[in-house]
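This report goes through the cysteines first and then turns to the overall build of the chain. Keep the structure in view while reading.

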Amino acid sequence: MQYRQIGETELVASTIGLGSWAMGGWMWGGCDDGEAERAIYTALDAGVTLIDTAPIYGFGRSEETVGRALRNRRRDSIVLASKCGLYWSTEPLPPGVGEWHCYADVAGRTTDLEQYAVYRWLRADVVRRGVEDSLRRLQTDYIDIMQVHHVSDHTTPISETMGVLEDMRREGKIRAIGISNASLTQFDEYVEYGMVDVLQERYSMLDRAVEKNGLLDRCRERKASFFAYSPLENGLLTGRLDPRREFKRGDLRLNKPKFSRENISRVNAALSAMDEIAKRYDLTPGQLAIAWVASRYEKAFVLCGARNPRQALENTIGSDVSLSADEFEEIDAILNEFGALDR
């Protein structure tokens, strides 16, 4: 396992992080809490020290699962990352308060029948209350990295949000600050009012948006760490998805063009063509996809979701593999040949 510095802080964490979105069940068709806790134990035993969660993952359920699993572990051996800014309520907020995000129900289905109204709300008192709630659910007195989950709440000045985060850093409630789902302009606005240690964005060998929009280069300039989520494209890059698979209601992959039968077949063919590269390092297609992300930037961390011990262990294998520039070119040529890139 490789370990890297978080931004320019004193924090050091495993390059492979355990992502816990699916552990909340919402948008993933449910999750077995016992299996999720065992996945956490397996990842930690394999050398993973970075766990990423968020209040909105299952409306507190993911954080509670992580908190239970970590009760008997040394707290200072784990880098715990959570998020703030997505607020849910059974009643819609008044106009001009927060920015509407979506409707959802507790069974995990996005629906027109609102059980929860979810908002992006980054007002100082809301952020502080959210952090306190996360501390309680995670059963800890500090969170290593607090990330703004979505930065586009136009009802709250960025200066106010960063101000309260910096206050909580000074108070010791958080140790580092990150932002997620941001544009280049928003990244630059955040660093005007404080220190951004982490940027978390979607990134995989299929999705290169952060290379095109300048965000990855800005991380390099600012010496910020980059947390990559969805490195396996929700299972598409494992090579295990059957093109005939029927995704059930409540599964975020349902009706997405990326998970059409045609595209799954196309990506599977491309992964088969990469088999020679994977075999050089004794990796599966999914492990090669993880190594690809980890090799793109010296401060990159790969957040790999898992709901059971098998997935958690598989995601750690090959974590010390560094792909060469020639191998990057080989992979790009294959993806282009099969029409799989940027779909």
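Cys-31 is buried, with a relative accessible area of 15%. The model is a predicted one, and the areas and distances below are computed from it. Cys-219 is buried too, and its relative accessible area is 0%.

Which cysteine sulfur is nearest to that of Cys-31? It is the sulfur of Cys-304, 16 Å away, and Cys-31 is in no disulfide. A disulfide here requires two cysteine sulfur atoms within 2.5 Å. For Cys-219, the closest cysteine sulfur is in Cys-84 at 18 Å, which is too far for a bond. The count of disulfides by this rule is 0.

| Cysteine | Nearest cysteine sulfur | Distance |
|---|---|---|
| Cys-31 | Cys-304 | 16 Å |
| Cys-219 | Cys-84 | 18 Å |

The protein chain as a whole has 12 helices and 13 strands. Its radius of gyration is 19 Å, close to the 20 Å given by the globule rule for 343 residues, so the chain is as compact as a globular protein of that length. Along the principal axes, the C-alpha atoms fill a box of roughly 55 × 45 × 40 Å.

Of the 343 residues in the protein chain, 56% are buried. Among contacts with a separation of 6 or more, 76% are between residues 24 or more positions apart.

The accessible surface of the protein chain is about 14500 Å², and carbon and sulfur atoms hold 47% of it. The chain carries 44 positive and 53 negative charges, and the mean positions of these two groups are 4 Å apart.

Terms used
Residues numbered from 1 in each chain as written. Predicted model: local features only at pLDDT ≥ 70, side-chain atom pairs only at ≥ 80, totals over all residues. Heavy atoms only, no water. Helix = DSSP H or I, 4+ residues; strand = E, 2+ residues; numbered from the N terminus. Rg over C-alpha atoms; globule rule 2.2 N^0.38 Å. Buried < 20%, exposed > 50% of the residue type's maximum accessible area, 1.4 Å probe, protein only. Contact = heavy atoms within 4.5 Å. Areas by Shrake-Rupley, 256 points an atom, 1.4 Å probe, with all protein chains shown as cover. Lys, Arg positive; Asp, Glu negative; His and termini not counted. Charge placed at Lys NZ, Arg CZ, Asp CG, Glu CD.
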